[in-house]
Amino acid sequence: MAFVQLFEFFSIILHKLFNERYFRLMKKILFAVLMLANMTLCFAQSGTNSPYSQYGFGVLSEQSSGFNRGMNGVGLGFREHNQVNNLNPASYSSIDSLTFIFDAGVSGQITNFSENGKKKNAKNADFEYVVAGLRLAPHVGVSFGVIPFTNVGYSYTNTGFVNNLKTSSFTNSYSGSGGIHEVYLGFGWEPFKGFSFGVNGGYIWGGYNKTLVNNYTESYANTLTKNYMADVHSYKVDFGLQYSVKLAKNDQLTLGLTYGLGHKIGGNARCQVIMRNSQTSVSDTTNYPKKDGLNLELPHMFGAGFAYNHANKLKFGVDYSLQQWSKVEYPEYYTVNDLPVYALRKDMFKDRHKVTIGGEYCPSATSKKFLKSIRYRAGVSYATPYLKINGADGPKEISASVGFGIPIINIHNTRSILNISGQWVHQNSKSFITENTFRINIGLTFNEKWFAKWKIE
C-alpha cells in the first residue's frame, strides 16, 4: 500500500472519530507521522549485519518504545498515563485526558562476530519507531504509529576446497536486505474500574531479497546464483487485556494478557536459479515455482505478564511470551530424487519462548530537583531460538539493558521525556557464530497539554 493510500485510509477513520476541529489537527499529525516513517524507512541503514538474518523472516525486531527499552522491553502489565505502551493495547485507556503523546526513537549499535577464534566488528544505525497516543473519550484511548517487525541485512563470503583437494577451491558469497514493518491503529477501553481491553489493527509490508553466488577457481566451472525474494502486503491484529487491583493504598498490581493472530500473509515467495557458463557466458534461468509464488505465514503469539506499582516511584514487571513458529510452514529450495524443488516445508522453525524482567525507579516525578525526577530503569531477558539451521537449533539470546528517563523542563513543557538506554544482546549457538551487540537507544516522548481548557477569571 502506497503512502497516499495509507494516509487516506487512516484519515477516513479519524474523521469518524473526531469533530471537525480535532480532525484537522489529527490529520496534520497523521501526515507528519507517516511522512517521517516513509522518509526514515527509505534512507535509514539496515538495523542488522547478522548472518542469522538470512534465515526465515530475519532477525525479530524489538517492537517496544523508548521507556520499555530501558527495562529491556518489559511492558505487558504497565499502564502509563504519559507514555505509549503499544506492547499491550489495553494500556491506551490509561492515557492522560489532557495530553497528546508523540514518541519517536532511533538506535545505533556495534556488533562483534566471533567464530573459530576469528572476530569482526560491524556498525549499524536504524530508525526504530514512531508512535502517538491520546485520550479519545472517558476511559477510551487511541494510539497509532509505525513499528518494525523483522530485519534482514547481511553480506559475507566463505571459501573452501572441493572434495578436500587443494587444487580446486570455491567461494560462496551471501548477501541480503529487507524487513517487514507495521503501521497500526489501536484502541483501549476501560468499561469498568480495573478492567481494560484493547486491539491494534495493523498493516504490514516489506519483504526480502537474498542472494547466494557460488564461484569456482576453474575456468570451465559454471557459476551458480540463487535469488530468494518475497513481497509482503497483509494485515496484523493484536488483542490485549489488563486487570488492575489495589493491594494497599500505594500499591497496585496489574495483570496483562496479549494475543496476536496467526495467519497467511501472502508474500509471493519465489526462487530464481541462474546457471552461467563461464566459457560461453551464456546463462540459463529457472524460476520456482513456475506460476504463483508461495504464501508466507505469521505464527500465533501469546503474552502474559504483571506489573507492580508502588506510589508511582517503584515499578517492576515480568513478561512471558510464546510465538508458535513450529506450526509455520516456510519455503525452501531442496532436491527430491535429484530434482530441484522449491516448496513449503514444516519443521523449519521452533517455538520461541521469552522471559523479561525489568523495572523503573523514580524518587519523585514532580520534584524540581533534577536527579530526583529522573527515571532509572533496568531489565534482563532470555529467549530461545525460533530458527533451525541445517537441522540444528539457532542461537539463543540473553540480553540486558539500563536506561534513564530524563524530564525536559522549561517554561512551556514539564511533561516531555528523553529516554536513553544502553543494551547488550548476546546470541550464541554451539554450531554457529557468536554475536555480542552493544546498542544505544534514544527516544523522545513529546507530551503536551493540547486539550486543556483555559479559564478566564
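Helices here are DSSP runs of H or I at least four residues in length, numbered from the N terminus. In this predicted model, residues 370-373 make up helix α4, and that is where F370 sits. F370 comes out as partly exposed because its relative accessibility is 47%, in between the 20% and 50% cut-offs. F370 also has company: together with L314, Y361, L371, Y376 and F404, it makes a nonpolar surface patch of about 590 Å².

Two members of that patch, L314 and Y361, lead on to the strands. Residues 314-323 form β13, which runs antiparallel to β12 (residues 301-310), with 10 bridges joining the two. Within this pairing, F302 has L322 of β13 as its bridge partner. β13 also pairs with β16 (residues 352-361), again in the antiparallel sense and over 10 bridges. Here V318 stands opposite I357 of β16. So β13 has bridges to β12 as well as to β16, going by the rule that two strands pair if at least two bridges are found between them.

The turn regions hold a few backbone oddities. Three residues separate the strands in the hairpin of β12 and β13, and one of them, A311, takes a positive phi near 55 degrees. N312, in the loop between β12 and β13, has a positive phi of about 55 degrees too, although N312 is not a glycine. Another non-glycine with a positive phi is D347, at about 60 degrees. D347 lies in the loop between β15 (339-345) and β16, and counts as exposed because its relative accessible area is 57%, over the 50% cut-off. Then there is a cis peptide bond, with omega of about -10 degrees, between Y288 and P289. P289 belongs to the loop that links β10 (283-288) and β11 (294-297).

Turning to side chains, D238 is placed in strand β7, which covers residues 223-248. With a relative accessibility of 15%, D238 falls under the 20% cut-off and therefore counts as buried. Its side chain makes a polar contact of 2.8 Å with the side chain of K236.

Finally, the cysteines. A disulfide is a covalent bond between the sulfur atoms of two cysteines. The structure holds zero of them. C271 is buried, with 2% relative accessible area, and C362 is likewise buried, at 1%.

Terms used
Residues numbered from 1 in each chain as written. Predicted model: local features only at pLDDT ≥ 70, side-chain atom pairs only at ≥ 80, totals over all residues. Heavy atoms only, no water. Patch = residues over 30% accessible without salt bridge, like charges linked within 9 Å, V, L, I, M, F, W, Y side chains within 5 Å. Areas by Shrake-Rupley, 256 points an atom, 1.4 Å probe, with all protein chains shown as cover. Salt bridge = Lys/Arg side-chain N within 4 Å of Asp/Glu carboxyl O. Buried < 20%, exposed > 50% of the residue type's maximum accessible area, 1.4 Å probe, protein only. Disulfide = S-S within 2.5 Å. Polar contact = N/O pair within 3.5 Å; in protein donor to acceptor, adjacent residues only side chain to side chain.
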